[in-house]
Amino acid sequence: MASYNKLITFLEREDVQRFLLVAHERPDGDTVSATLAMARLLRSLGKKITVASSHGVPEVFKYLPDWRDAKSDFLVGDFDAIILIDNGDLKRTGYAERIIAAKTRGIPIVNIDHHPKNDIWKYATINVIDENVSSTCEIIFGLFKKINLELEPEIATMLLTGIYTDTGGFQHANVSAKTLSLAAELMSHGAKLKNISSNISKHKSLAMLKLWGIALDRIVNLTGIKLIYSVITRADIESVGASDQDLAGVVNLISTIPDDVATLLLYETADGKIKGSLRTESSKIDVARIAGLFGGGGHKRAAGFVIDGRLKKIEGGWKII
Ligand SMILES: [Mn+2]
């Protein structure tokens, strides 16, 4: 269980008024929702809030109230404190240099997260990290309870969105009895599960489906190392008029293969790198360790990394050049 007391004392300080809240790059439902819910929490304490997301808010989360509040630019000097939410590591904030600059200027940095491999504690003055929860939204929900703030239906929907997306719609192994009881509690506060699931699980654009078709068609099964992988190039993304965000989910779909394997999707990013997303449904495999070999990280069953290079088709598969 994360320790909240130090954080709550800090949030209630009179001399700390202007907060910058940072979601991680290529934001998922958990970081977006946890950040927006945290913004609501701090506003109800009378604080001034700026929400930052280096890659904006993906289309799929635009049913969340307040998503328009997310900005991609800010000056660290404008804030009394910075809160990094669900970021995993400093690089993933998308603003590593600015955050280091803020630390140099003595601006307190708070780290709220559930990722096991987290280097932000080196920069943060307050850490609230709980690896045993499904999502950062669970931690934010805990904060609402500890401070005894009213949980409005919109906030409940935000928090349930983070739990829903980080558990793959309550399907991953990180779903505990507690996760479900928290979800039930959020629904009793007015969270709209049906709205969340239809926005997230059922919204697929034509471009997304075409891109998934390419990825599924290219699946390579490396039985020797128990790895199933596929690739998406920049040209693929452009040819169907898709965006990087349309790839979210395809690796989860590939990982529905019920074998003891790891699944990997490699795709070329717009800035000349290759991003790898790893998943496994097997309890015998730890994909965070595989991601670690490439300088990445994440969870046992879902992890990722970014490397330099481009993808090239070869006989029977693909290679990184
Ligand atoms: Mn998360």
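## A tour of the parallel sheet and the salt bridges

Begin by selecting Asp113 and Ile129: Asp113 has Ile129 in strand 6 as its bridge partner. Strands here are DSSP runs of E with at least two residues, helices are runs of H or I with at least four, and both are numbered from the N terminus. The model is predicted, so local features need pLDDT of at least 70 and side-chain atom pairs count only at pLDDT 80 or more, while totals for chains, interfaces and linings use all residues. Residues are numbered from 1 along each chain as its sequence is written, and side-chain values use heavy atoms, with hydrogens and water left out.

Next, display strand 5 (residues 109-113) with strand 6; the two run parallel and are joined by 4 bridges. Two strands count as paired if DSSP finds at least two bridges between them. Widen the selection to the open sheet, in which 6 strands are paired in parallel in the order 3-2-1-4-5-6. At its edges are strand 3 (70-71) and strand 6 (126-129), each pairing on one side only.

Now turn to the charged side chains. A salt bridge is a side-chain nitrogen of Lys or Arg within 4 Å of a carboxyl oxygen of Asp or Glu; the count by this rule is 16.

Select Lys178 and Glu138, whose side chains form a salt bridge with an N to O distance of 3.6 Å. Lys178 belongs to helix 6 (residues 177-188) and Glu138 to helix 4 (residues 136-147), 40 residues apart. Buried means under 20% relative accessible area, exposed over 50%, and partly exposed in between (1.4 Å probe, protein chains only). Lys178 is partly exposed at 40%, whereas Glu138 is buried at 6%.

Move to Asp260 and Lys284, which meet in a salt bridge at 2.9 Å, N to O. Asp260 sits in the loop between helix 10 (250-254) and strand 9 (262-268), and Lys284 in the loop between strand 10 (273-280) and helix 11 (287-293), 24 residues apart. Asp260 is partly exposed at 31%; Lys284 is exposed at 67%.

Then select Arg310 and Glu268, a salt bridge whose closest N and O atoms are 3.9 Å apart. Arg310 lies in the loop between strand 12 (302-308) and strand 13 (311-314) and Glu268 in strand 9, so this pair ties together parts 42 residues apart in sequence. Arg310 is partly exposed at 26%, and Glu268 is buried at 5%.

Finish with Arg40, Asp66, Glu152 and Glu154, joined into one network by salt bridges that share partners.
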